[in-house]
Every structure is written in structure tokens, then in C-alpha cells.
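Trainee: Could you walk me through this protein before I head back to the bench? I would like to start with the overall fold and then turn to the charged side chains.

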Amino acid sequence: MEEEERYKGIWRAAAYVEQHLQEELRLEELAKLAGYSPFHFHRLFYACTGETLSHYIRERRLAYAARRLRDSEQSGTGIGFDIGYGSHESFIRSFMKRFGEPPQSLRRRVCTMREPVLINRETIHVAGVLCTTDTTKDRNIAQAWKSLSRIWASIPGKVDERVCFGLEIYNPLTSGDREREFDYLAGTEVADPLQTMPGDAVVYTIPGGRYAVFTHVGSTELLGETFRYIYGEWLTASGETLRGMGDRGYDYEYYDARCQEGRADSELDIYVPLRPIVPPSSE
């Protein structure tokens, strides 16, 4: 059986979890939905996601709580009760362990990013694992990173073992729309794009040129806020124009030692390509 077909039921169950985070979720019911026995389902779920079912559900519920805190006026206690916590204290402990700050601190934080700096960057080559995703399929991105970790040691000519890239390729050029499907490459920079890569790894060349570099602060669960600001507000107000990769739009995330998921001061950079500045005519 092909891996994609084998795991189809697992992803169906994961999608069900995402849509029912405020309800009781039972192993037996999810296994039935996926078409497996509870024992076989649990084993496949771990093989597919790298997490036990209970841990996966807890993480997704906490991610939902973080989004609710930023998108609504509901109290942190109310959100905690909604996702199954029996007390305010247990919710606070779990939230702080996951995000590195208490719920009200995250809510008070004005934004998830710093204003951009404009730089010129050289062309780079990134090798990694490609997937197709959107905001309803973030699990595909997580799986791409897990797949990258499995082949990491076999990727030849890595430029810096401490740095990773998340390349997002949109269609059409001016989109930057993470609500629709786009391609995502979890990868690392390599010196020679012509070397043979392991398994299904692919290499993309990211063009050099002008970039606006935004620093995202906090959990990657809130990356959507930063992207909405970049494409929904900043780009229009700045008067800048996007530059593409052929006929498609793109941007990329830059992960280095500053990125430590679970800390409130975790940082990563988002590079948005811009058209070159055309000097005024001397005529």
C-alpha cells in the first residue's frame, strides 16, 4: 500500500480532531473514523505524526486557545474550560509550558512582529522536502519537517547546520495567500544545487535581490497574524511591489538559534521579495 493511501485515514481523523477541539475525543471513535482498530490506529498515528494521540490533541487544543485569546474577548479561564481543562490552574500551567508565557500576557502583546528592515540578499539554494498545504493542512508542514529530519544527515554540502528555511511558493504571483493551497519546502541551504540529494529531496534556487525582513516573535502557531499584517496592511501602505520566482509569488522563513518554540521570546525572520528600486530619469 502506498504511504499516502495508508495514512489517508489518519489524516481524516486529524482533520476531525481540528474541527471538534471543544468536544470529547475518544480513541475508539477516531479509530473507527480512520478505518482501523484502536491498537493499529494508535500505532499508525504515532508513525505518521511523531506524537501520541493524547499529546497531539492537547497541543492542538492549546494552539486553538492561543488563537482564541488573540481573536476574541473570551476570558482565558473560559477558553480553558471550553477545551476540557477542569481548573484555571491546570490550563495556565499547560499554556505556559507550551508558549512560554501566561494567556493574558500573550493577549496583551500588541503584535507578533517587529517592523521590517530592507536588505539586499544574494541568491541561495535550498534543499529539502516539499509538500502542498494551506492553513487547514498545517499538519502537512509538520510532516515535511519530520521528513527533513530523517534525511538531514544525508544532505550533502549544507552551508550551516544550525539554519533552516521554510520556503512558501504561492500562485498567483501577487497572492501571499496562505488560505489557499500553496507549496511549502522545509529545507536547508546547500552550496551546490547539482549534487545528488537523498530520497525525495528537491532543490529550489531562491533569487537574490531586495527583501523586506520581518521578525516574528513568539509561537509559530501565531505566524498567521504576521503574514496577514505583511500582505494585508504593510505591503499596501509601503508602496512596494512584490517580486516573484518565475510566474509565482514566494517568501521564506529563516530559522536559526533564536527560534526556540515554547519561549515567548522565540524569533524567526520572514523574507518578502521586493521589486528593485528604479532610479528617477535624469531627463
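The questions below go from the whole chain to single salt bridges.

Mentor: Keep in mind that this is a predicted model. Ask away.

Trainee: How many helices and strands does the protein chain have?

Mentor: Both kinds of element are present in the chain. The count is 10 helices and eight strands.

Trainee: What radius of gyration does the protein chain have, against that of a compact globule?

Mentor: Start from the length, 283 residues. A compact globule with that many residues would come out near 19 Å. The value for the chain agrees with this: 20 Å.

Trainee: What share of the contacts joins residues at least 24 apart?

Mentor: Take the contacts between residues at least 6 apart in sequence. Among these, the share joining residues at least 24 apart is 73%.

Trainee: How far apart are the mean positions of the positive and negative charges?

Mentor: The chain carries 35 positive and 43 negative charges. Take the mean position of each set. The two lie apart by 4 Å.

Trainee: How many salt bridges does the structure hold?

Mentor: Several are worth a look one by one. The total is 19.

Trainee: Which parts of the chain does the salt bridge between Arg 98 and Glu 221 tie together?

Mentor: The closest N and O atoms of this pair are 3.5 Å apart, and both residues are buried. The two partners are 123 residues apart in sequence. Arg 98 lies in helix H7 and Glu 221 in a loop, so the bridge ties helix H7 (residues 88-99) to the loop between strand E6 (209-217) and helix H10 (223-238).

Trainee: Which residues are linked with Arg 98 and Glu 221 in a network of salt bridges?

Mentor: This pair does not stand alone; it belongs to a network. The other members are Glu 18, Glu 59, Arg 60, Arg 67 and Glu 261.

Trainee: Is Arg 162 buried or exposed?

Mentor: Arg 162 forms a salt bridge with Asp 160, at 3.1 Å between the closest N and O atoms. Asp 160 is partly exposed, at 25% relative accessible area. Arg 162 has 66% relative accessibility. Exposed means over 50%, so Arg 162 counts as exposed.

Trainee: In the salt bridge of Glu 267 and Arg 258, is Glu 267 buried or exposed?

Mentor: The side chains meet at 3.3 Å, N to O. Arg 258 is partly exposed, with a relative accessible area of 29%. Glu 267 has 14%. The cut-off for buried is under 20%, so Glu 267 is buried.

Conventions: Residues are numbered from 1 along each chain as its sequence is written. This is a predicted model: local features need pLDDT of at least 70, side-chain atom pairs count only at pLDDT 80 or more; totals for chains, interfaces and linings use all residues. Side-chain values use heavy atoms; hydrogens and water are left out. Helices (H or I, at least four residues) and strands (E, at least two) are DSSP runs, numbered from the N terminus. The radius of gyration is taken over C-alpha atoms; the globule rule is 2.2 Å times the number of residues to the power 0.38. Contact means heavy atoms within 4.5 Å. Lys and Arg count as positive and Asp and Glu as negative; His and the chain ends are not counted. The place of a charge is taken as NZ of Lys, CZ of Arg, CG of Asp or CD of Glu. A salt bridge is a side-chain nitrogen of Lys or Arg within 4 Å of a carboxyl oxygen of Asp or Glu. Buried means under 20% relative accessible area, exposed over 50%, partly exposed in between (1.4 Å probe, protein chains only).
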